[in-house]
Amino acid sequence: MSRESAPPTTEPVMLHVDAPTFGPAGVARRADGKVVLVHGAYPGDIVAAAITREHTGYAEAVIESIETPSVDRVQPPCSRHPLCGGCAWMGLSREAQSRHKRALVERTLRNLTGAPQLLADMAGTGPELGYRQRCRLALEAAPEAKPLL
């Protein structure tokens, strides 16, 4: 449960989306420095967005218009996108999806372990659509290491 700090604004705000999230939103910053999670936006997009919720540490927004689309945007091959919510990143090229997913995993592992790089190079294989993959990672700490969680 998050604490809301102020009602949402009605004026659209111009945002440059610079990072992905694990879900269907991109991360941007307002002029005042506050983080804004923009539903449906991808890194590289410049959007006019309406703030829908204000929280203490961040805000949520929806796209009103895409002023400049990311160079990684593609036409989603599925007519159900984004209605079903199953493939939040389908509007990005396969290469961009791989790049951003790897960066998210590396950032998470770096935050947990402090190690600069823990992943070997990855290559996308198999079909572009119609698959599900998951990765299970096991971490083993050295005896002198302090607990991660």
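The legends below describe close-up views of a predicted model.

Residues are numbered from 1 along each chain as its sequence is written, and side-chain values use heavy atoms, with hydrogens and water left out. Because the model is predicted, local features need pLDDT of at least 70 and side-chain atom pairs count only at pLDDT 80 or more, while totals for chains, interfaces and linings use all residues.

**View 1. The protein chain holds one helix and six strands.** Helices (H or I, at least four residues) and strands (E, at least two) are DSSP runs, numbered from the N terminus. Read from that end, the order of elements is β-β-β-β-β-β-α. Of the 149 residues, 28% are buried; buried means under 20% relative accessible area, exposed over 50%, and partly exposed in between (1.4 Å probe, protein chains only). The chain exposes about 10300 Å², with 56% of it supplied by carbon and sulfur atoms; such areas come from the Shrake-Rupley method with a 1.4 Å probe, and for residues only the protein chains shown count as cover. The mean pLDDT (the predictor's confidence in each residue, from 0 to 100) is 81, and 71% of the residues score at least 70. Among the elements, strand 1 has the highest mean pLDDT, 97, and helix 1 the lowest, 83.

**View 2. Six strands form an open sheet of mixed pairing.** Their order across the sheet is 1-5-6-4-3-2. Strand 1 (13-16) and strand 2 (19-20) are the edge strands, each pairing on one side only. Two strands pair if DSSP finds at least two bridges between them. Strand 1 and strand 5 run antiparallel and are joined by four bridges; L15 has V47 in strand 5 as its bridge partner.

**View 3. The largest nonpolar core has 11 residues.** A nonpolar core is a set of buried Ala, Val, Leu, Ile, Met, Phe, Trp, Tyr and Cys residues joined through side-chain atoms within 4.5 Å. Among its members are L15, A28, V36, V47, I51 and A61. Strand 4 (35-39), strand 5 and strand 6 each supply at least two residues, and strand 5 gives the largest share, three residues. Outside its neighbours within four places in sequence, A28 is in contact (heavy atoms within 4.5 Å) with residues including L15, V17, V36 and V38. A second, separate core of five residues includes W89, L92, A96 and L104.

**View 4. H55 lies in the loop between strand 5 (46-54) and strand 6.** H55 counts as buried, at 1% relative accessibility. Its side chain makes a polar contact with the side chain of E60 at 2.6 Å. A polar contact is a pair of N or O atoms within 3.5 Å; within protein, one must be able to donate a hydrogen and the other to accept it, and residues adjacent in sequence count only if both atoms are side-chain atoms.

**View 5. S70 and C78 are both found in the loop between strand 6 and helix 1.** S70 is buried, with a relative accessible area of 6%, whereas C78 is partly exposed at 29%. The side chain of S70 reaches the backbone nitrogen of D72 at 3.0 Å. Leaving aside neighbours within four places in sequence, S70 is in contact with P43, G44 and D45. The C-alpha atoms of C78 and M90, 12 residues apart along the chain, are separated by 8.1 Å.
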